[in-house]
Amino acid sequence: MAERPIDIREIDADDYWQAFEHKWTALLTYRYLGKRTPSLDVGVDSVTMPLRHDMRNASGGIMAAPLCIASPESGGMADDLYVPNPVIASMQVLDDARDVREIAVHPETIKIGRSMGFSRARIVDADDPSRVIALSEGMGVSLGGTPSPYEK
């Protein structure tokens, strides 16, 4: 019989951040894709992700899935303060990014209420920030707060 996954909200406050680190580093998608995030990674100033050949379609254009992973709209709720759960997100790809080697994500929190938040982001060429690759927007709900102190 398979073991039941542990809900992070059920972890004791003293063990919360150790469990969070284990869960975060176990998210192979982020590590595999090379996404870097200032709120979670030490020494990182902005959200970036390299674009590789396996993130592109047969004609060389960027696929939407890697962009959605680079910019998971959780309503502006970061993991250091919330247990965020994305509710809905949309992604508009404006540029196929054929010659882009890395993207930068510029997130903007629109509003965070008692339990729901709204956010959007511009995804740009990291080497030419005036070149907009995609726009994302979404909302998320907080499943709870996190204990202090938070360490990256």
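Me: Ala, Val, Leu, Ile, Met, Phe, Trp, Tyr, Cys and Pro count as nonpolar, Asp, Glu, Lys and Arg as charged, and the others, Gly among them, as polar. By class, what does the lining of the largest pocket have?

Reply: This is a predicted model, where local features need pLDDT of at least 70 and side-chain atom pairs 80 or more, while totals for chains, interfaces and linings use all residues. Residues are numbered from 1 along each chain, and side-chain values use heavy atoms, without hydrogens and water. A pocket is an open set of 1 Å grid points where a 1.4 Å probe fits, with protein on both sides within 12 Å along at least five of seven lines, and lining residues have an atom within 4 Å of a point. The 34 lining residues split into 21 nonpolar, 8 polar and 5 charged.

Me: Happy with that! Which strand gives the most to this lining?

Reply: Strands are DSSP runs of E, at least two residues, and helices of H or I, at least four. α1, β2, β3 and β4 each supply at least two lining residues. With 5 residues, the top contributor is β2.

Me: Is Gln18 buried or exposed?

Reply: Gln18 sits in helix α1, and its C-alpha is 39 Å from that of Leu94, 76 residues away in sequence. Buried means under 20% relative accessible area, exposed over 50%, partly exposed in between (1.4 Å probe, protein chains only). Because its relative accessibility is 61%, Gln18 counts as exposed.

Me: And how many residues has the largest nonpolar core?

Reply: Such a core joins buried Ala, Val, Leu, Ile, Met, Phe, Trp, Tyr and Cys through side-chain atoms within 4.5 Å. Among the members with the most contacts inside it are Met49, Ile62 and Ile133. β1, α3, β3, β4 and β5 each give two or more residues. The core's residue count is 17.
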